[in-house]
Amino acid sequence: MNSQAAQTTTTADESAIRAFPHQIIDAWNRDSGEGFAAPFSETADFITFEGTHLKGRKEIAAFHQQLFDTVVKGTRLEGEVDFIRFVNSQLALMLLVIRVILPGQTEASPSRNFLPLYVITKGDEGWQIEGLLNTRKLTLERQFFLDDFDSLSAEAQRQVTDLVAGLKQHEQGVGDRV
């Protein structure tokens with residue numbers, strides 16, 4: 001925190017900002033798009049991990065509700081604040097470390113970890129999230145694998161996918177016998 005921000009921000013400011021991840025994670029775990037979007041301003045910008053640009057609280061809520069009702073149904077989040085940096089008394093950045101637990105799993109899936117960076121502003125209504133850039137936490141090893149996979153022909157990609165599915169079935173069968 002720079003000296004100007006340190007002089008003009010309070011522990012109440014930091015506490016208000018630290019409440020956002022709890023609200024968001026709790027709403028995700030309840031499958032609530034409206035609850036997930038509540039800390040965002042009416043005009044917030046939200047860039048999803050794959051690059052979709054959502055504009056405003058209503059669009060963020062609708063997009064996430066659709067996810068909760070379909071592709072991420074039953075997933076759970078856990079996470080914590082990595083840092084909060086006050087740029088000045090009305091602007092802060094916050095980085096979270098988010099882990100995703102897939103349905104039926106008890107441990108987070110490393111390939112689903114996220115590092116969202118929040119831009120948070122203080123206005124007449126208090127602190128609100130004005131922007132979010134969400135990105136997957138991806139090791140270089142995983143990125144190189146994806147690059148190699150993408151360079152394969154469609155047929156070779158299908159063969160790799162079939163091989164992985166077969167290996168998963170084999171491991172599940174071995175686990176069942178143990």
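# Briefing: strands, salt bridges and rings

Glu80 and Arg99 form a salt bridge, with their closest N and O atoms 3.0 Å apart. Glu80 belongs to strand E3 (residues 76-88) and Arg99 to strand E4 (residues 91-101), so this pair ties together parts that are 19 residues apart in sequence. The model is predicted. A search of the whole structure finds nine salt bridges, and the structure also holds nine aromatic pairs.

**Strand pairing, E3 to E6**

- E3 and E4 run antiparallel and are joined by eleven bridges.
- Two residues lie between E3 and E4, and the two strands form a hairpin.
- One position in this pairing is Leu77, whose bridge partner in E4 is Val100.
- The Glu80–Arg99 salt bridge has one end in E3 and the other in E4, the two strands of that hairpin.
- E4 also runs antiparallel to strand E5 (residues 117-123), with five bridges between them.
- Which residues of E5 partner Leu95 and Ala92? Leu95 has Leu117 as its bridge partner, and Ala92 has Ile120.
- E4 thus has two antiparallel neighbours: E3 over eleven bridges and E5 over five.
- E5 pairs in turn with strand E6 (residues 126-133), over seven bridges in the antiparallel sense.
- A hairpin with two residues in the connection joins E5 to E6.
- Within this pairing, Tyr118 stands opposite Leu132 of E6.
- Is E4 mostly covered or mostly open? E4 is mostly covered, with eight of its eleven residues buried.

**Salt bridges in helix H6**

- Glu155 and Arg158 meet through their side chains in a salt bridge, 2.4 Å from N to O.
- Both residues lie in helix H6 (residues 154-177), three residues apart, or about one turn of the helix.
- Arg158 also forms a salt bridge with Asp162, where the closest N and O atoms are 2.5 Å apart.
- Asp162 and Arg158 are separated by about one helical turn, because they sit four residues apart in H6.
- Arg158 therefore takes part in a bridge to Glu155 and in another to Asp162.
- How covered are these three side chains? Glu155 is partly exposed, because its relative accessibility is 39%.
- Arg158 has a relative accessible area of 42% and so counts as partly exposed.
- Asp162 is partly exposed too, because its relative accessible area is 42%.

**A network across E3 and E4**

- Elsewhere, salt bridges that share partners join Glu78, Glu80 and Arg99 into one network.
- Glu80, a member of this network, is partly exposed because its relative accessibility is 39%.

**Aromatic rings**

- Nine aromatic pairs are found in the structure.
- Phe40 and Phe46 are a tilted pair, because their ring centres are 5.6 Å apart and their planes meet at 50°.
- Are Phe40 and Phe46 buried or exposed? Both are buried.
- Phe145 and Phe149 are a stacked pair, because their planes lie at 25°, with ring centres 6.4 Å apart.
- The stacked residues both lie in helix H5, where four residues, about one turn, separate Phe145 from Phe149.
- Phe40 and Phe46 also belong to one aromatic cluster with Trp28, Phe36 and Phe68.
- Which charged group sits over the ring of Phe49? The charged end of Arg136 does, 4.1 Å from the ring centre.

**A nonpolar surface patch**

- Leu138, Phe145 and Leu146 make a nonpolar surface patch of about 270 Å².
- Leu146 is found in helix H5 (residues 140-151), and Phe145 lies in H5 as well.
- Leu146 counts as partly exposed because its relative accessibility is 37%.
- Phe145 is partly exposed because its relative accessibility is 48%.
- Phe145 thus has two roles here: it helps make the patch, and its ring stacks with that of Phe149.

Terms used: Residues are numbered from 1 along each chain as its sequence is written. This is a predicted model: local features need pLDDT of at least 70, side-chain atom pairs count only at pLDDT 80 or more; totals for chains, interfaces and linings use all residues. Side-chain values use heavy atoms; hydrogens and water are left out. Patches are made of residues with over 30% relative accessible area and no salt bridge: like charges are joined within 9 Å, nonpolar side chains (Val, Leu, Ile, Met, Phe, Trp, Tyr) within 5 Å. Accessible areas come from the Shrake-Rupley method with a 1.4 Å probe; for residues, only the protein chains shown count as cover. A salt bridge is a side-chain nitrogen of Lys or Arg within 4 Å of a carboxyl oxygen of Asp or Glu. Buried means under 20% relative accessible area, exposed over 50%, partly exposed in between (1.4 Å probe, protein chains only). Rings of Phe, Tyr and Trp (its six-membered ring) pair if their centres lie within 6.5 Å; planes under 30 degrees apart count as stacked, over 60 as edge-to-face and the rest as tilted. A charge sits over a ring if NZ of Lys or CZ of Arg is within 6 Å of the ring centre and within 35 degrees of the ring normal. Two strands pair if DSSP finds at least two bridges between them.
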